[in-house]
Amino acid sequence: MEKIRIAVQKSGRLSEDSLSLLRECGIKFSNGMRKLKSEAANFPIEFLFLRDDDIPGYVEDGVADIGIVGENVAVEKGREVTIAKRLGFSKCRLSLAVAKNAQYNSLEDLEGGNIATSYPVILGQYLKEKGVKATIHEISGSVEIAPSIGLAEAICDIVSSGSTLFMNGLKEVETIFRSEAVLIKGTALSAEKLEILDRLLFRIDAVQRGKNNKYILLNAPEDQLQEIIRILPGMRSPTVLPLAEKGWNSVHSVIQEEEFWEVIDQLKAAGAEGILVVPIEKMIL
Ligand code: ATP
Ligand code: ZN
């Protein structure tokens, strides 16, 4: 039987979350730190552990069928691959930064200047869109020291919290790209591999939906029942079960993580009591 081959970062910021996502999809495998390849015991998938920069190229060439990389890398490498799924972890942004004490009012201040980056493609597209001309110096690491050694007045680099910039005497002035981990796929997968990919995507959906939703249980007084049901969105409609005590019902439903606190406040105001909120492991519509 055919297997799909997935390329995952060997060791870095994407590795742990990539592997836990696949484990949450019920896929069992071992990944000895020094291994280059591994195979799953219970799903037709095998793993290649690689440097993230190499993953888009390997997927384009068909050495791997799919891969997990930061969207920044997927776009920067400009390979013939498509994004099959956004994965929601390893969120970061590519930003422009200048020396903390530099005068900066707008992007035009960089006109005719020098910018150091490991992302010449994404930066080049951005500058072109904005109609600003600057010289891009491509360097592969430690971009944040470029201003202090006089290589460039500005840098374009990945930021998550901003503390690295701060430690290097820089300030963030523009965000040019927002990134998260993505599942990429090649353009020439066989029908059988596409079918395996569909099964994998189905599982990823169920895991992601589970993470984005909570199971909620609460007690509702009879006279407030309709109002409480109105507040709860739910998958279809909430389950209502009578309590042993007359005049009260237990109401069960599912709510989205992001509307959680707002809904809880409304439920309390409507007279709900004993509210329990429970994580959902997987959710299939
Ligand atoms: P490799 O050795 O595989 O080439 P690397 O050093 O290039 O690794 P990492 O630092 O592990 O790469 O980052 C991998 C990806 O994780 C980045 O391309 C980006 O999408 C994302 N990322 C980078 N920095 C952060 C951060 N501070 N917070 C969250 N995500 C980040
Ligand atoms: Zn890398």
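**Exercise 1.** Which N or O atom lies 2.8 Å from a nitrogen atom of ligand 1, and in the side chain of which residue?

*Solution.* The model is predicted. Start from the nitrogen atom of ligand 1. Its partner is an N or O atom in the side chain of Ser160, at 2.8 Å. Next, apply the cut-off: a polar contact needs a pair of N or O atoms within 3.5 Å. The Ser160 pair, at 2.8 Å, meets that cut-off.

**Exercise 2.** State how much of ligand 1 the protein covers.

*Solution.* Take ligand 1 alone: it exposes 640 Å². Then add the protein, which buries 75% of that area. As for location, ligand 1 takes up the space of the largest pocket.

**Exercise 3.** Describe the shell around ligand 1.

*Solution.* Begin with the count: 15 residues surround ligand 1. Gln9, Arg13, Asp53, Asn72 and Ser160 are the closest. Sort the shell by class: four residues are nonpolar, six polar and five charged. Now check oxygen atoms of ligand 1. One is 2.8 Å from an N or O atom in the Gln9 side chain. For the side chain of Asn72, the distance from a ligand oxygen to an N or O atom is 2.7 Å.

**Exercise 4.** Place ligand 1 relative to the domains.

*Solution.* First list the domains: domain 1 (4-90 + 180-210), domain 2 (92-178) and domain 3 (213-279). Domain 1 and domain 2 both contribute residues to the shell, so ligand 1 lies between them. Finally, set domain 3 against domain 2: their C-alpha centres are 49 Å apart.

Methods. Residues are numbered from 1 along each chain as its sequence is written. Chains are lettered from A and ligands numbered from 1 in the order in which they are written. This is a predicted model: local features need pLDDT of at least 70, side-chain atom pairs count only at pLDDT 80 or more; totals for chains, interfaces and linings use all residues. Side-chain values use heavy atoms; hydrogens and water are left out. A residue is near a molecule or strand if one of its heavy atoms lies within 4 Å of it. A polar contact is a pair of N or O atoms within 3.5 Å; within protein, one must be able to donate a hydrogen and the other to accept it, and residues adjacent in sequence count only if both atoms are side-chain atoms. Accessible areas come from the Shrake-Rupley method with a 1.4 Å probe; for residues, only the protein chains shown count as cover. On a 1 Å grid over the protein atoms alone, a cavity is a set of points where a 1.4 Å probe fits but cannot get out, and a pocket is an open set with protein on both sides within 12 Å along at least five of seven lines; lining residues have an atom within 4 Å of a point. A molecule sits in a cavity or pocket if more than half of its atoms lie within 2 Å of its grid points. Ala, Val, Leu, Ile, Met, Phe, Trp, Tyr, Cys and Pro count as nonpolar, Asp, Glu, Lys and Arg as charged, and the others, Gly among them, as polar. Domain bounds come from an automatic or database domain assignment.
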